[in-house]
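Colleague: Please take a close look at the charged side-chain pairs here. Spell out the terms as you go.

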Amino acid sequence: MIWVVRLVVLLPALAGLAGLLARRTPLVARGVAVGSAVVVVALAVALFVAPMDTADIDSVGALPLGNLSAPLHLLSDQLSGVVALVVSLVVLTIQVFTVWYLRDDPRYTQFAATVSLFAAGMLLVVASADLALTLVGWEVMGWCSWLLIGHDSERFAARRAAYKAFLVTCVADIAMVVGFIALSVRARSTDLLDVLTVHPSAGTDALLTLGLVCVVIGVAGKSGLVPFHDWLPDAMEGPTPASALIHAATMVAAGTYVIARLFPLYAFDDAARTVLAVLAAVTMVYTALLAFAQTDLKRLLAYSTLSQVAIMLGALAAAPADVGPVPAVSHLVGHAFFKALLFLGAGWLAALVGATALDALRGRARDRRALRRAMAIGLASLAGVPPLIGFFTKDTAIDAAVEGATGGGGLRAWIVVVALFATTALTAAYCTRAWLLLDTPCPTPASTSSAANDSFEVEHGGTRARSLTTSAFDDGMPLTPLAVGEPGVLTTHGEHKPITLTASLSVFALAALTLFGTLLLLGLDGAVHVGVVSATVSLLFVAAGAFAAWSMSERGLRDAAERLPTRLRADAVIGFGADTAYARVGSGVTALARLVVVLDRDVVDAYPRATAVTARQLGRIGVRLHRAVPASALLGVVVGIVVVAVLGVTVWQ
Amino acid sequence: MNGLVIDVAALWPALFPLLGIVAVLVVDLVTPRLRQAPYAVAVVAAGFGAWTSLPGVLQEAGSSRSSFCVGQQGWFSSTSAPPHIAPTCFWQADSLASGLQLAASLAAVVCLLLAWPIARSRADAASGAPAPARSGHTREPVEAVLLLAALAGTVVLAASRDVGTWLVALELATLPVIVLVALAGRRRSIVGAVQLLVTSLVSFALLVLGAALWFAATGSPFLDPEAAGGAAGSPVALDSAGSAALLALSVVFVVAGIGFKLSLVPFHAWTPTAYSGATLSVATFLATVSKIGALAALLVFLRAVAVLGTPGFVAIAVLSALSMTVGNLMALRQNDVVLLLAWSTVAQAGWVVLPLVSVSALGTGASAAYLLTYVVATLVAFAVVALTVRDSGAVGRSLVGYEGLWRRHAWRAGALGLALTSLAGLPPGVIGLVGKIVALRPVVAQGWVWLTVIAAANAVLGVAVYLRWLRPVVTSVAEPAEAAEPVNEAAGSAVVAGRALSSPRVRQVRRGAVVAALVISAAVLLVVSVQPDLLLGVLR
């Protein structure tokens, strides 16, 4: 069993390496990527069914760090079993889907290898019982996200989005590293058990608070809490499977898992939890509002991810100590299933239509029954409709927060509870809006063409298989007005489904998990715990939100978001200028660096330069004194003798 | 008085140069027209000298190869000496002395190769040039004999253990060099020789005075710790304090006298004049073999007084600091590479005596180690200069002549770069860096803070000095420089073309010796740079 834990981490990493080695033969690369994912699922099932409840599994041996012990252990328990299973399932479906989605991409093999490596990073975070290993997995994910988002590296927007994601998360990682160091120094060990068992001493423990707050900031970077949130919508420039991977079960959710692991410490530290609560509450409401106004399906889903991850973190911030981190992890699981489903469905739809702008997708789901059902299940689950998994996990999180608020959590928990209910209504509203748009047939096709050139449209053909030549659309589906001016089209088969059976099966598998995944969670203590009152209230909010959106859209005939003031909507689409703010911070840092350079060059370097000038002047004087005359040489000798003799006799001993 | 025990095997390093002198004279008598023959013989003699000093280098620490031993403490005070004392020897070459002997012999080989004469045919072809006709055919054997004589003096100096041998060997090592400088025959070389001679006379007077004071203080002609420690046998009736003061004065005079040979400031004034006046090979000899001899002489004396356990010599510290600073400042202003190397010698001499402020085995070993790194690197630099001068004429003596050397002669530029970085103490010249650290260690250990600060500042200045030369080597030739050069080069290139046309083979031979010198010295520098333990281990 020990080897199972090690293999769960090692196998995807090896698969990534093997995939790179076999990049000349796509068939082998496909086999490696999908095959390894299947094996990892089997291993994860073993870990889920029979967790070992140990945290002393050696990985690569302890690091020799003097008096700081770093045993680099792995762990296996119920929590890690569930998350590992979910991660491996989602990765498997994504790998299968990718085989179809990027079948004509010349760099499919690199993409699949990166996905494998990404999975290895996430599984390392999941199985790690050591802060150092957690950090390694964390950074591997950060690096892989850069590769995945920038997969279409020939497009400027993709490159920019990749760098943006990398830089923003890395800046937050500075705090993460500082936080881990503070926690390790406090425990004199990086081992998770040691870190957790050093309980706070009497009074305030400044080092603990510093460490926990810094970890919150680091998590805020990767999970997209408010000042760091803007990288995630831009990350939609990556191919849809990459988006699904980043959003559903790995990078974004990793923060939840890390804080869940450290929960025993957070339970004792109100300051860090208050920071987390405020950030999560602001993020979940703000991004849900932004999601409502989006004009692009993928960006809408991205904002919904931010909102949902904030729900998990809010549950962690508000849950009482005895409830623990399980509700948050439970919502992580639920979110992983329905968000992966939504992204793959959106990718499927976009591949059929050729765009991801909502205007272009209007009514497109209606005549594709399987896809329509899948999207319906996903959106309903996101909105929190019973009996889908989203309902159970979200209401478990709400219940935990309410329990925390009524159980002495104070203002911190109440903020979260209020934000949670508001978010519930808003989520229902934007889900309803998206569904109505996808499902209602377009009244006049002509009107969409004007929207096609909408400047808000983000992804210009990025989700498409770009290597398809234009000669491929000789028959079948007529060009929609949208596709005009965009290189390449998506399908050669018109109304027929171009999707392969296996790829569609992967989507259906996710739909099934969204329907029945709750059963998986029953094995985890406290993972499904729906309070009657809170569930009723949240259902009311869901109904209210859905009804509001429905009525705003005039029974689906219009886009609900069109009721918003145009100016406000335009600002919301670009995230209220967060990107500009980031750029300002960047140029501020550059300006500061320039100032330092100037100071260094003109102030600090003045001294060395003065030394150089002095040396040159002294040398000139010396040259003048040295003429090739024996007399002056003798004079020097005589003076030298006198000086040396005097020194020698007077200073002797 | 017991009989004198003579171990000839220990004497070979000195005997071979002397035999070489005889052989050179004989060969010259037999074939006076063969101009390379004296040098070939001299190279062989110096090479054998180096070979025979190897066993002395490899012997373990503490032992020494001795010769001319007498059974008792000395002739003069045999009645007062304890009877069981170990025999005293006039010739004692321990591993440190043997190491210096080996280095001197090898450096002499390189100098001889650099001095390899111009072939006769070339002299006929370019008879218009002023150089050859003056000294006729006698110049080569004289030069070879003088070089070998100076080498013999240096080798004896390292192993001498009594005042008489010490003084005679010192003169033997110095006087031939003065003649060699004068032999170049130019006006500047006469000036340099005169300056050298005058300074050397005064210094020798000082040395004799120092030796006399030593004898007065200790009553022993032997420069060994027993004599210095038991200063009781003094012929002059003195209390111990008076004897110590005499000893101190003698040490100071000896330091001053040898300071001339090491070109320590303020005894250095002859250095740039003599270097620029002499031929390149003689300048190389002055910069390497002469310095080895000077340090050997100083070490003989200082190891004898080390037993007194003095905290250190302020006089040496002052001389060292002055030399480094003045040498570097002056070198920074030179555009003539020989003058630059001359002032670099002054600065490096300061580094060589730096560790001697602490009178200890650590200090002497460090000093010798630093000297050897300096000698190897300087040999390489001079060999590159000699090669460049032979290629491009007088331009090779100025920094301008080295512009773009990297593109024209990559290997040569690489050797020069290694030599300069070694002198500056920067990687890839690792040995220079190691040498500087080794030299600073005793100073720091004894708490000479001000001296350490000055040394550190001079290390930085030194980097500037040598990088000033290295920069044109690695940068590409600037356009204006190329445009200006033909004016200077026209004569030189015409001569070069003439040479090449008249006798390409002879020219090849001429260069061959210089190239061999460069290859030998650069190989040694490379080996000790890669494996500094080889050099440091020799002197342990």
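Modeller: Start with the key term. A salt bridge is a side-chain nitrogen of Lys or Arg within 4 Å of a carboxyl oxygen of Asp or Glu. Side chains of opposite charge can pair when their charged atoms come close.

Now the ground rules. This is a predicted model, where local features need pLDDT of at least 70 and side-chain atom pairs count only at pLDDT 80 or more, while totals for chains, interfaces and linings use all residues. Residues are numbered from 1 along each chain as its sequence is written, chains are lettered from A and ligands numbered from 1 in the order in which they are written, and side-chain values use heavy atoms, with hydrogens and water left out.

Over all chains, the structure holds 21 salt bridges. Look at R299(A) and D234(A). Their side chains meet in one of these bridges, 3.3 Å from N to O. Where do R299(A) and D234(A) sit in the chain? R299(A) is in helix α14 (residues 297–318) of chain A. D234(A) is in helix α9 (residues 231–234) of chain A. The two are 65 residues apart, and the pair links distant parts of the chain. Helices here are DSSP runs of H or I with at least four residues, strands are runs of E with at least two, and they are numbered from the N terminus.

This pair has company. Salt bridges that share partners join R160(A), K164(A), D230(A), D234(A), R299(A) and D579(A) into one network.

Are R299(A) and D234(A) buried or exposed? Both are buried. Buried means under 20% relative accessible area, exposed means over 50%, and partly exposed lies in between (1.4 Å probe, protein chains only).

Next, take K222(A) and D173(A). They form a salt bridge, with the closest N and O atoms 3.1 Å apart. K222(A) lies in helix α8 (residues 206–223) of chain A and D173(A) in helix α6 (residues 156–187) of chain A, so the pair ties together parts that are 49 residues apart in sequence. K222(A) counts as buried because its relative accessibility is 0%. D173(A) has 3%, so it is buried too.

Set beside these the pair D104(A) and R103(A). Their closest N and O atoms are 3.9 Å apart, and they form a salt bridge. D104(A) has a relative accessible area of 30%, so it is partly exposed. R103(A) is partly exposed as well, because its value is 35%.

Step back to chain A as a whole. Chain A has 26 helices and 2 strands. Of its 653 residues, 57% are buried. A contact means heavy atoms within 4.5 Å. Among the contacts in chain A with a separation of 6 or more, residues 24 or more positions apart account for 80%.

Chain B offers another kind of side-chain link, a disulfide (a pair of cysteine sulfur atoms within 2.5 Å). The count comes to 1 over all chains. C69(B) and C89(B) form it, with sulfur atoms 1.9 Å apart. C69(B) is in strand β1 (residues 64–70) and C89(B) in strand β2 (residues 88–94) of chain B, 20 residues apart. The link is right-handed, with 100 degrees about the S-S bond. C69(B) is buried because its relative accessible area is 12%. C89(B) is at 4%, so it counts as buried too.
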